[in-house]
Amino acid sequence: MRRQDDCEISTLKRLSDISTRLWRARDCQQGLQEMLAATIEMLAADMGNVQILQPERGILTIAVQQGFDPEFLDFFAEVSADDDSACGRALRTRERVVVADVETEPAFAPYRDIARAAGFRAVQSTPLLSHDGTPLGIISTHFRWPRCLSEQEHYCLDLYARLAVNFIERFHYEERLRQRADELSAILDALYQKNWGAVTLPTTSSPPHAAPCLLQRQSRRPAPDPRRPMS
């Protein structure tokens, strides 16, 4: 019981540290790299990658990776749900796929040569699903020797995957906000150029963006009554 409590405390500390690093990430790639490194460390894996789904094509592409050579990256440059690789099956079933030994897994037979060349014997692929169940990507880790995952590791992977999803969704939301801000700025600039770009105002006038309202108010102001005493 004490050992389990210590393990849970250690897990919570790691999660807190990862959350802090993700919030400090300057861009999506840096955040995903932090998430991948933390997952590899937690599982004591030897290599790994994060793939992001291109929804318009239904294709996974590698966003960040650690430990792979160009041959592997070229081979898995694009993966679909029709593929029987670990990541392809995880995308298709929307569930974690664990291949404990690629040499004995029948479904992995077409990928054994590339696995041998890359130097791994086991792999797990965890789908990154949004809050409504939409696939966002896959996080995979690879091991040089046959490997099964413990119940605790499955639990930690679920927590890490949720962190990754929260980060990706937050990044996408902030990107949409930036795009809308840019679009609004472009519209305002166009309106300004159309209405005030060719107007030359006296140096004592109000700023161009305030001039229409100010001039309108001034035109409605009545002339002072000379018979009225000054206050």
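**Exercise 1. Pairing of S5 and S6**

Find the residue of S6 that stands opposite Ala122, then describe how S5 and S6 are joined.

*Solution.*
Step 1. Ala122 stands opposite Phe143 in S6. This is a predicted model.
Step 2. S5 and S6 run antiparallel, and eight bridges join them.
Step 3. Look at the link between the strands. S5 and S6 form a hairpin, with five residues between them.
Step 4. Check the turn of this hairpin. Gly133 has a positive phi there, of about 90 degrees.

**Exercise 2. The other side of S5**

Which strand does Val99 face, and how many bridges join S4 to S5?

*Solution.*
Step 1. Val99 stands opposite Val123 in S5.
Step 2. S4 and S5 are joined by three bridges and run antiparallel.
Step 3. Now ask how covered S5 is. Seven of its eight residues are buried, so S5 is largely enclosed by the rest of the structure.

**Exercise 3. The whole sheet**

Put the six strands in their order in the sheet, and name the edge strands.

*Solution.*
Step 1. The order is S3-S2-S1-S6-S5-S4. The sheet is open, and its pairing is antiparallel.
Step 2. Recall the general rule. Strands of a sheet pair through backbone hydrogen bonds, either parallel or antiparallel.
Step 3. Go to the edges. Strand S3 (78-80) and strand S4 (97-99) each pair on one side only.
Step 4. Add the twist. On average, neighbouring strands of this sheet are turned by 25 degrees against each other, direction ignored.
Step 5. Take one inner pair. Strand S1 (residues 47-54) pairs with strand S6 (residues 135-143) in the antiparallel sense, over six bridges. Gln51 stands opposite Ile138 in S6.

**Exercise 4. Helices on the sheet**

Which strands do helix H2 and helix H4 touch?

*Solution.*
Step 1. Start with helix H2 (residues 28-43). H2 packs on the sheet and touches S1, strand S2 (59-66), strand S5 (122-129) and S6. The direction of H2 makes about 70 degrees with that of S2.
Step 2. Turn to helix H4 (residues 86-93). H4 also packs on the sheet, touching S1, S2, S3, S4, S5 and S6. The direction of H4 makes about 155 degrees with that of S4.
Step 3. Count the buried residues of H4. Six of the eight are buried, so H4 is largely enclosed by the rest of the structure.
Step 4. Name them: Ala86, Cys87, Gly88, Arg89, Ala90 and Leu91. These buried residues pack against S1, S2, S3, S4, S5 and S6.
Step 5. Look just past the end of H4. Arg94 takes a positive phi of about 60 degrees.

**Exercise 5. Two residues compared**

Are Thr141 and Glu153 buried or exposed? List what each one touches.

*Solution.*
Step 1. Place Thr141. Thr141 is found in strand S6.
Step 2. Apply the cut-off. Buried means under 20% relative accessible area. Thr141 has 0% relative accessibility, so Thr141 counts as buried.
Step 3. List the contacts of Thr141, leaving out residues up to four places away in sequence. Among them are Thr39, Ile40 and Leu43, and also Ala122, Val123 and Gln124.
Step 4. Take a distance. The C-alpha atoms of Thr141 and Val98 are separated by 9.8 Å, with the two residues 43 residues apart along the chain.
Step 5. Place Glu153. Glu153 lies in helix H6 (residues 151-196).
Step 6. Use the cut-off again. Glu153 has a relative accessible area of 14%, so Glu153 is buried.
Step 7. List the contacts of Glu153. Leaving out residues up to four places away in sequence, Glu153 touches Met42, Leu43, Arg147 and Cys148.

**Exercise 6. Empty space inside**

How many cavities of 30 Å³ or more are there, and what lines the largest cavity?

*Solution.*
Step 1. Recall the idea. Rolling a probe the size of a water molecule over the atoms shows where empty space is left.
Step 2. Count. There is one cavity of 30 Å³ or more.
Step 3. Give its volume. The largest cavity has a volume of about 110 Å³.
Step 4. Find the lining. Of the 14 residues that line the largest cavity, the closest to its centre are Phe72, Phe76, Cys87, Val123 and His142.
Step 5. Name the elements. S1, H4, S5 and S6 give two or more residues to this lining.

**Exercise 7. The chain as a whole**

How many helices and strands does the protein chain have, and what share of its residues is buried?

*Solution.*
Step 1. The chain has seven helices and six strands.
Step 2. Of the 231 residues, 35% are buried.
Step 3. Check the surface. The chain exposes about 14,600 Å², and carbon and sulfur atoms supply 53% of this area.

Conventions. Residues numbered from 1 in each chain as written. Predicted model: local features only at pLDDT ≥ 70, side-chain atom pairs only at ≥ 80, totals over all residues. Heavy atoms only, no water. Pairing = 2+ DSSP bridges. Helix = DSSP H or I, 4+ residues; strand = E, 2+ residues; numbered from the N terminus. Axes fitted to C-alpha atoms, helices over the stretch in contact; angles between N-to-C directions. Contact = heavy atoms within 4.5 Å. Buried < 20%, exposed > 50% of the residue type's maximum accessible area, 1.4 Å probe, protein only. Areas by Shrake-Rupley, 256 points an atom, 1.4 Å probe, with all protein chains shown as cover. 1 Å grid on protein atoms, 1.4 Å probe; cavity = no way out; pocket = protein on both sides within 12 Å on 5 of 7 lines; lining within 4 Å. Points joined across faces, edges and corners; volume = space filled by probe spheres on them.
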